[in-house]
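Hi,

Here is the structure I promised to pass along. Have a look first, and then read on for what turned up in it.

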Number of protein chains: 2
Amino acid sequence: MTIYKERIKELQHLLKKNKLDAVVINRTLEVGFLTGFYLDGCVLLVSKTNIWGFIPQMLFEHFKTSAPFVEAVAANDIKGAAIAEIKKNKFKIKKTAFQPETETYVDGMFWKKHGLIEKAGLTAFLRLTKKGAELKAVRKACHIASKAFDIIKPKIKAGRTEISVARELEHIMQLMGATGPSFDTIVAFGPNSALPHHETSTRVLKKNEAVLIDYGCVYDFYRSDRTRTFFYGKADAEFKKVHAIVAASHRKGIKALKSGIKASTIDKICRNEIMDKGYGQYFIHGTGHGVGLEIHEEPRVNAKSKYVLKEGMVLTVEPGIYLNGKFGVRIEDTLLVKKNGCEILTK
Amino acid sequence: MTIYKERIKELQHLLKKNKLDAVVINRTLEVGFLTGFYLDGCVLLVSKTNIWGFIPQMLFEHFKTSAPFVEAVAANDIKGAAIAEIKKNKFKIKKTAFQPETETYVDGMFWKKHGLIEKAGLTAFLRLTKKGAELKAVRKACHIASKAFDIIKPKIKAGRTEISVARELEHIMQLMGATGPSFDTIVAFGPNSALPHHETSTRVLKKNEAVLIDYGCVYDFYRSDRTRTFFYGKADAEFKKVHAIVAASHRKGIKALKSGIKASTIDKICRNEIMDKGYGQYFIHGTGHGVGLEIHEEPRVNAKSKYVLKEGMVLTVEPGIYLNGKFGVRIEDTLLVKKNGCEILTK
């Protein structure tokens with residue numbers, strides 16, 4: 001419980017810093033981040049000194065038990081109740097904010113109509129670096145993913161379908177404590193591996209084909225992300241060459257990763273390695289992304305990213321080369337940025 | 001493929017009917033509904049005579065193969081490319097729409113800034129009644145859910161945790177062809193069953209406790225939803241009484257369900273049955289909701305619902321009584337509305 005109180009305090013500190021009276025929190029992810037209660041349909045109002053929760057009747061008892069440190073109000077019209085509370089407390093409405101990046105169009109227009117102002121990035125800032133319980137959860141999600149791969153790999157044989165491998169891998173992760181996959185598991189055999197977002201299918205594995213597995217799991221709401229590509233059978237020269245290039249790119253990116261370096265520099269290091277070997281045009285996506293409550297979150301690791309990496313950020317490095325009609329290779333780990341380097345969480 | 005061309009044609013018919021030149025489609029769900037391509041980050045532009053897809057480079061080859069009937073354009077700035085195409089085709093910008101209910105705040109504001117107008121409910125209308133392939137998928141998702149319950153039920157014994165039952169049930173559904181659970185499976189033992197959205201936990205089942213399971217699966221992107229509540233051990237008089245009341249409410253709602261009846265009338269019939277027995281205050285949610293590509297979609301079945309039910313709608317009837325600290329009972333089926341009645345898909 002302490003962890004939520006701490007996060008609320010940090011958010012209240014940001015309110016003061018930004019000269020705001022209050023902020024409404026209206027996305028399940030952020031409500032959960034601040035209270036531990038991850039069910040849809042609740043709105044929080046956080047002022048510099050207080051926190052209210054506007055909760056559908058159906059969830060009210062449940063919420064009160066889960067988050068007793070929030071002043072809970074049962075309401076039918078959740079957003080309307082938040083506005084009423086703002087008025088009742090005589091917050092300067094021009095100093096009460098909503099976060100544009102977390103709102104639907106309909107909800108954002110509602111807040112705006114009632115005079116609330118846009119202020120981006122408050123909770124995003126708090127979520128950007130991981131510590132304590134959240135780091136523990138990410139670590140565990142990563143650990144489960146790594147171990148599960150070691151179990152499934154020897155069971156991948158000619159005749160199995162992509163989907164049977166995906167389902168078994170997910171099942172293994174669940175038996176190890178995961179609540180589910182962190183995104184739709186990608187298992188791609190042969191030419192399917194050349195599609196970065198291949199939809200796992202009933203395609204059967206044949207002898208002498210590439211196998212790409214991109215997967216992760218959720219543990220206590222936090223996620224892991226990892227990709228391995230290997231050859232089933234005897235790899236030909238082209239696969240070996242491409243795999244070695246991607247592995248070198250991946251290795252160099254990780255080696256450079258530390259607090260203080262720009263995310264765009266990591267992208268450049270990984271991309272140069274592949275460009276220098278003549279495969280630049282086949283590396284058709286960014287180098288990585290943050291991982292946490294969402295599978296893709298800040299900081300993005302690509303050429304346009306403005307982030308300077310900081311201790312406690314958790315992100316992926318995942319260079320790839322995709323040869324349409326032939327095969328693709330991607331190697332990805334989830335990493336924790338540290339002061340003088342990084343730790344591979346999905347080792 | 002024919003099914004997608006038909007849907008696009010129906011959408012184009014709606015454009016004409018609403019005197020619109022074109023509409024942008026920007027949510028993965030609707031892009032998938034119109035093209036069969038369900039990966040994030042693509043935008044469609046549908047005019048009265050054409051359909052364009054603006055696709056991130058990473059997904060471009062993949063998209064072209066999946067949806068060859070769409071004029072695909074690879075782009076870095078997806079939404080910007082859509083705007084450019086609108087201008088190039090000299091569509092009257094005031095007659096090009098976006099659907100407010102499908103947009104994030106940031107995206108909606110982008111369309112608005114470029115002069116597009118709000119027009120709600122175009123794709124929602126097409127998704128409201130199910131036919132052909134989508135009905136087949138819903139049927140299968142429902143069938144898997146029902147069968148899987150029959151397999152898990154005899155395996156639920158004292159000493160098992162809620163989460164172990166949930167994971168095994170999900171695994172059974174996956175072995176039967178489901179791609180995953182249609183939402184976080186709820187398994188609630190004893191007093192936990194009194195929380196309508198209980199988070200499945202490591203709570204262990206004891207002799208003589210209520211067991212509530214609310215679950216479903218995804219098959220070919222369509223979902224099922226079903227709840228069963230039973231007593232493990234020898235039910236006491238109160239559980240028997242409450243279960244009988246909920247069962248009667250559920251039965252009467254289903255009996256009344258047919259094309260032409262108001263959704264609010266179904267809610268009233270179910271609610272009256274529970275109110276008449278003195279438990280009205282413990283039925284703390286709406287009677288049901290539509291099910292399809294989303295687990296909760298239109299038509300809502302509650303007192304405020306404006307919908308008149310039509311043949312082909314798929315929805316749930318799920319009355320419940322929740323006695324805090326003791327137990328809860330909910331009984332839910334996914335149903336297909338027919339001309340003179342309905343079909344229980346999760347029988």
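**Helix packing and the chain contact**

In chain B, helix α7 (residues 132-152) packs with α8(B) at an angle of about 130°, and their axes are 9 Å apart. Please keep in mind that this is a predicted model. An angle that is neither under 35 nor over 145 degrees, and lies outside 65 to 115, counts as oblique, and α7(B) and α8(B) are therefore oblique to each other. The crossing of α7(B) past α8(B) is right-handed.

Which residues make this contact? From α7(B) come B:I144, B:A145, B:A148, B:I151 and B:I152, while α8(B) brings B:V165, B:E168, B:L169, B:I172 and B:M173. Sorted by class, the contact of α7(B) with α8(B) has nine nonpolar residues, one charged and no polar.

Now to the two chains. Their contact takes 22 residues from chain A and 22 residues from chain B. On the side of chain B that touches chain A, two or more residues each come from α3 (57-66), α5 (105-113) and α8 (162-175) of chain B. The largest share, five residues, belongs to α3(B). That side of chain B divides into nine polar, nine nonpolar and four charged residues.

How are the copies related? A turn of 180° with a shift of 0.0 Å along the axis lays chain B on chain A with an RMSD of 0.0 Å. The two copies are thus related as by a two-fold rotation axis. Of the interface residues of chain B, 100% are also interface residues in chain A, so the copies meet through the same surface.

Best wishes

Notes: Residues are numbered from 1 along each chain as its sequence is written. Chains are lettered from A and ligands numbered from 1 in the order in which they are written. This is a predicted model: local features need pLDDT of at least 70, side-chain atom pairs count only at pLDDT 80 or more; totals for chains, interfaces and linings use all residues. Two residues are in contact if their C-beta atoms, placed from the backbone, lie within 7 Å. Helices (H or I, at least four residues) and strands (E, at least two) are DSSP runs, numbered from the N terminus. Ala, Val, Leu, Ile, Met, Phe, Trp, Tyr, Cys and Pro count as nonpolar, Asp, Glu, Lys and Arg as charged, and the others, Gly among them, as polar. Copies are superposed by least squares on the C-alpha atoms of residues with pLDDT of at least 70 in both. Axes are lines fitted to C-alpha atoms, for helices over the stretch in contact, and angles run from 0 to 180 degrees between N-to-C directions. A crossing is left-handed if the near helix is turned anticlockwise from the far one by less than a right angle, and right-handed if clockwise.
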